[in-house]
Amino acid sequence: MAIVKAGGKPSLTVIDNRNGKQYELPIKHNSVLATDIKKIKAEPQPGDRAEDETSQGLRVYDPAYMNTAVIESRITYINGQDGILRYRGYPIEQLVKKSNFLETAYLLIYGELPTQSQYDSWQNEVLHHTFVHTDVEDMLKSFRYDSHPMGMLTSALATLGTFAPEANPSLQGQKLYTNAATGDVEALRTIDKQILRIIGKAPTLAAASYRMRQGRPFNRPAHGLSYTGNFLYLLDNLSGHEYTPHPVLERALDALFIIHADHEVNCSTATVLQVGSSLVDPYSVVASGCSALYGPSHGGASESAIRMLIEIGSPENVPAFMEKVEKRERVLVGFGHRVYKNVDPRSTAIRELAEEVFKITGRNQLLDTALTLAKYARESEFMRSRNLYPNVDFYSGLIYQAMGFPLDFYPVLFAVPRCVGWLAHWRQQMLNPSGVKIWRPRQIYLGEGEREYVDAASRKEKDKVGVFDAPVQVSHGGDSKRNRLATYKDEMGHTLRPKL
């Protein structure tokens, strides 16, 4: 039982009803320390298992981090109830209208909007680091023609780290980056150089994965174009000269990059911080973020949303589809959000952007279906009671499709700008004056208690064996079937007979 004392003291008084002991837990920033909860101890109670470790202190059970703060951060603020998103205090709507991606990247990483001279230097440095080693290009060329571009990008970012041995703590010492927290200029320089490299090379690698799928040779980065203008050049230029992307499309992509640059401690950022806590190099850290972003519940959602709209087809099919959703026969993609219980502020900014793009590209054929679905969401009690409003993935997918990007490239278009957010959080982690503790979540063990080993000959099958209790039979190719029918001797000289 928790009691808030009269008088407004910032603490909780907790009485453990198991033994009557009383504990006072300080409240700071509307939170209590999980380690303070651990101080609440008792002797094992009837029904407790040894694996519950009752005498070692109370644990906090929070599946999927529904209400657990794991870091203190100064980067991004989200208020899911009111639909607020701010980068370093600046509302996302203002940045989309007034800023550009590289300026916003500087803000996220270093905390303030740059002066003109700071911005000029920053832009020049980033664009100076756009080229990649030819061996990295050769690695990308080794993928199958139908490989998913997100898999290629993840592999390429991890590969970059092998071309920068001076950036590897395993080779240079584990304090290579954490020394920066003391003001060590060389450590800070090492951090910032890797940030420049990753931000500069991410579009080059992403474009290479696209060109690989198209069967086209890789372009070399162009000089004189903006960050997103250069990205479009890397994607699309064939053999012409003085390539200039359409300004509306360039600006739209730049705005989408701002919107996707960071989103607090989401799945991929939590992955980045988890991996970063081991003090591994930032290339491995960013590659881990890409792996998390790849999933259809995260960065792959915009791709899934468009596939859903394609399946629905036309507006008149929306009611029948939603009837299946309400019966839990189908999954609705592009609506609702883990944090936002109101309108996603990013979706509002993107919708305005979409209209500008459609004036240039023509009206997306799926737009009417999407708008009918959104109207259904506003009017449906089922949707409103569950706070299911269109999110960022719903509209961004429509813009990407209108711009002609293939569906499987959508997560890549998310990953390129999100590298900035990941690096901002990683840099903040490395600069923690208290040091970097390796992340090691607890668990609640529900498995078997201690038992004795039994020899194979004496083991018996369980009475009730479910589908999860043994490997499912896996089918193999035709050559495996032929091999099973052949007679041959294995490496130990044993003759193997056909399995008929």
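How far apart are the end C-alpha atoms of helix α15, and what span should its 17 residues have at 1.5 Å a residue? In this predicted model, the expected span for residues 345-361 is 24 Å and the end C-alpha atoms are 25 Å apart, so the two values agree.

The buried residues of α15 are P345, R346, S347, A349, I350, L353, A354, V357 and F358. An α-helix has 3.6 residues a turn, so residues three or four places apart point the same way. Among the elements that cover the buried residues of α15 are β5 (84-87), α2 (92-98), α10 (247-260), α16 (367-379) and α18 (392-402). After α15 comes G362, with a positive phi near 95°.

A second glycine with positive phi occurs in the hairpin of β2 and β3, where 4 residues separate the strands and G20 lies in the turn. Strands β2 (residues 11-16) and β3 (residues 21-26) run antiparallel and are joined by 6 bridges. One of the bridge partnerships is that of T13 with E24 in β3.

The two glycines are set out below.

| Residue | Location | Phi |
|---|---|---|
| G362 | follows α15 | positive, near 95° |
| G20 | turn between β2 and β3 | positive, about 80° |

Across the whole structure, a search finds 12 aromatic pairs. For Y177 and W426, the ring centres are 5.1 Å apart and the planes are at 75°, so this pair is edge-to-face. Y177 is in the loop between α7 (169-172) and α8 (185-214), while W426 is in helix α19 (residues 410-430), so the pair ties together parts 249 residues apart in sequence. Y177 and W426 are both buried. Elsewhere, ring pairs link Y210, Y400, F405, F409 and Y410 into a cluster.

Definitions and conventions. Residues numbered from 1 in each chain as written. Predicted model: local features only at pLDDT ≥ 70, side-chain atom pairs only at ≥ 80, totals over all residues. Heavy atoms only, no water. Helix = DSSP H or I, 4+ residues; strand = E, 2+ residues; numbered from the N terminus. Expected span 1.5 Å × (residues − 1). Buried < 20%, exposed > 50% of the residue type's maximum accessible area, 1.4 Å probe, protein only. Contact = heavy atoms within 4.5 Å. Pairing = 2+ DSSP bridges. Phe/Tyr/Trp six-rings, centres within 6.5 Å; stacked < 30°, edge-to-face > 60°.
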